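Trainee: Could you take me through one part of this structure closely? I would like to see how a strand sits among its neighbours, and then how that part fits into the rest.

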Amino acid sequence: MDRAYRIIIAKPGLDGHDRGAKVIARALRDAGMEVIYLGLRQTPEMIVDAAIQEDADAVGLSILSGAHMTLLPRIVELLKQNGMDDVMVFAGGIIPDEDIPTLQEIGIRGIFGPGTNTDDVITFVHAQLDHASSN
Amino acid sequence: MSIESDIVHRLLEGDKRTIARLISQVENDGQEALDALVNLYPHTGNAHIVGVTGAPGTGKSTLVNELAKAYRAANVTVGIVAVDPTSPFSGGAILGDRIRMRDLAGDPGVFIRSMASRGNLGGLARATADVVKVLDAAGYQVVLVETVGAGQSEVEIARTAHTTLVVEAPGLGDDVQAIKAGVLEIADILVVNKADRDGAEHTVRALQMMLDLGTNSSTDHHGQLMRTSGTQGAAVYDQGWRPPICSTVAIRSQGITELMQAIADHRRFLEESGTWAERERVRATAELDRLLRDHLVQQVLMRIGPDAVDQAVEKIIARQVDAHAAVVTLLADAGLT
């Protein structure tokens, strides 16, 4: 990798607990990435708009409200519609185990629940994006 | 249609993905960047570039958000480049200016791009001026450039923007701050934001006093900036423009109309006085100078090889040679004397 990766971190929907998102944002920054932090109460449209304008390599979504099965597929769909299939999407927050297979099927590449070690997220993002850029 | 002209075509049509990808190429400075800029340069020169600088906590992002909203209400398309600092330790950055610009989300007449400074000191990233060119070529009528906002030494914006706004807020310093050299001198417009706070009138008076004290030098401030930066080229005299002081409460959308008027007045002044053309000349000169220096250094380094500098450093540390003599030797080795 010869340039900094650009990662969007956002909280779609109405949940207001942003500490996790901030922790991840900070960890990615400390790992040398450029993090576009969108914060709270983002609609899927706002997130995808930002991904387009910022030419994002990846989008990380934090959801603790339980609305992940509505919001995440919507975001993936909007990215596809806008020709942004190559954006790597990952998620964190409160996501029950039984929902993970479905989310992976629709294209969420990594899901990080409570207690996640930030090093694991960093390793994951690097692996995904290094792999993508070498293709 | 060739690939290049296809990209330019889509850029001119305002396709956001194309714009975003071109900006990335320009930011990452490869051969693709050069090709892209060559193709889009003829389409630049129309946008009014407005720089917004000021110390942290003065409310720059909120002000930029409000200005953009007001321009949109007047049917003017707006590009925004927001620069945040890169960590000198990790090389990463948190780009958090978009978070203040929620009101603009979904508006097709707005394009917001966040940039990390990537080690450049002075308030902008090295590629910021080129990114502005992409937005200019894409047809955005006003391009707002928000600097890192570290304060006193951020004068680089004056070379990129037509109109530079310096944002102050009450309570950030006493009268002496207002007359210190540095960022206040580059202001075409002074903005006292958070003007509803205690001390706002005092801040306005301090700034007025600064302007009164500096009547002679303020007409030459751009000329001085060019000379002290070592740039060759015409000094720019802004005779006839005294920076107005605009009071705003950005978070309540107050004072924005007057600020927009001041910006429009400055543009008219630039055009009628011929200063716009002069600033274009100064900007092009500064940019050519910078690029020439960068390329020359790269050429020299390529010719002398990767170890030559390290070896010279060792000699310097061992007091065998001083840095000036070392450079003369390196240039001779590069075939340049």
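Mentor: Happy to: we will start at one strand of chain B, follow its partners to a helix, and then step back to the domains and the other chain. Please keep in mind that this is a predicted model.

Let us begin with strand β1 (residues 48-54) of chain B. Seven of its seven residues are buried, so β1(B) is largely enclosed by the rest of the structure. In a regular strand the side chains alternate between the two faces of the sheet. Here both faces are covered: one side has B:H48, B:V50, B:V52 and B:G54, the other has B:I49, B:G51 and B:T53, and all are buried.

Now for the strands that pair with it. β1(B) runs parallel to strand β5 (residues 142-146) of chain B, with five bridges between them; in that pairing B:I49 stands opposite B:V143. β1(B) also pairs in the parallel sense with β6(B), again over five bridges, and there B:G54 has B:V167 as its bridge partner.

That brings us to B:E168, which lies in strand β6 (residues 163-168) of chain B. Is this glutamate buried or exposed? B:E168 has 28 other C-beta atoms within 10 Å, and the cut-off for buried is 20 or more, so B:E168 counts as buried. Setting aside neighbours within four places in sequence, B:E168 is in contact with B:G54, B:T58, B:L190, B:V191, B:V192, B:T203 and B:L207. One of these, B:G54, belongs to the face of β1(B) that also holds B:H48. By contrast, the C-alpha atoms of B:E168 and B:T44 are separated by 31 Å, with their positions 124 residues apart along the chain.

Two of those contacts, B:T203 and B:L207, lead to helix α8 (residues 200-213) of chain B. Its 14 residues should span 20 Å at 1.5 Å a residue, and its end C-alpha atoms are 20 Å apart, which agrees. The buried residues of α8(B) are B:T203, B:A206, B:L207 and B:M210. They cover an arc of only 95 degrees around the axis, which puts them on the same side of α8(B). An α-helix has 3.6 residues a turn, so residues three or four places apart point the same way. On the face turned away from that buried side, α8(B) carries the exposed residues B:E201 and B:D212.

Stepping back, chain B has 14 helices and eight strands, and buried residues make up 42% of its 337 residues. Of the contacts in chain B between residues at least 6 apart in sequence, 73% join residues at least 24 apart.

The chain is divided into domain 1 (1-43) and domain 2 (45-273). Their contact takes 14 residues from domain 1 of chain B and 11 residues from domain 2 of chain B. On the domain 1 side, α1 (3-12), α2 (16-28) and α3 (31-40) of chain B each give two or more residues, and α2(B) has the largest share with six residues. That side divides into nine nonpolar, two polar and three charged residues.

Finally, the other chain. The contact between chains A and B takes 24 residues from each. On the chain A side, α1 (19-30), β2 (34-42) and α2 (44-53) each supply at least two residues. β2(A) pairs in the parallel sense with strand β3 (residues 93-95) of chain B over three bridges, and A:I36 has B:L95 as its bridge partner there.

Terms used
Residues are numbered from 1 along each chain as its sequence is written. Chains are lettered from A and ligands numbered from 1 in the order in which they are written. This is a predicted model: local features need pLDDT of at least 70, side-chain atom pairs count only at pLDDT 80 or more; totals for chains, interfaces and linings use all residues. Two residues are in contact if their C-beta atoms, placed from the backbone, lie within 7 Å. Helices (H or I, at least four residues) and strands (E, at least two) are DSSP runs, numbered from the N terminus. Two strands pair if DSSP finds at least two bridges between them. The expected span of a helix is 1.5 Å times one less than its number of residues. A residue is buried if 20 or more other C-beta atoms lie within 10 Å of its own, exposed if 12 or fewer, and partly exposed in between; C-beta atoms are placed from the backbone. The arc is that of the directions from the helix axis to the C-beta atoms. Domain bounds come from an automatic or database domain assignment. Ala, Val, Leu, Ile, Met, Phe, Trp, Tyr, Cys and Pro count as nonpolar, Asp, Glu, Lys and Arg as charged, and the others, Gly among them, as polar.
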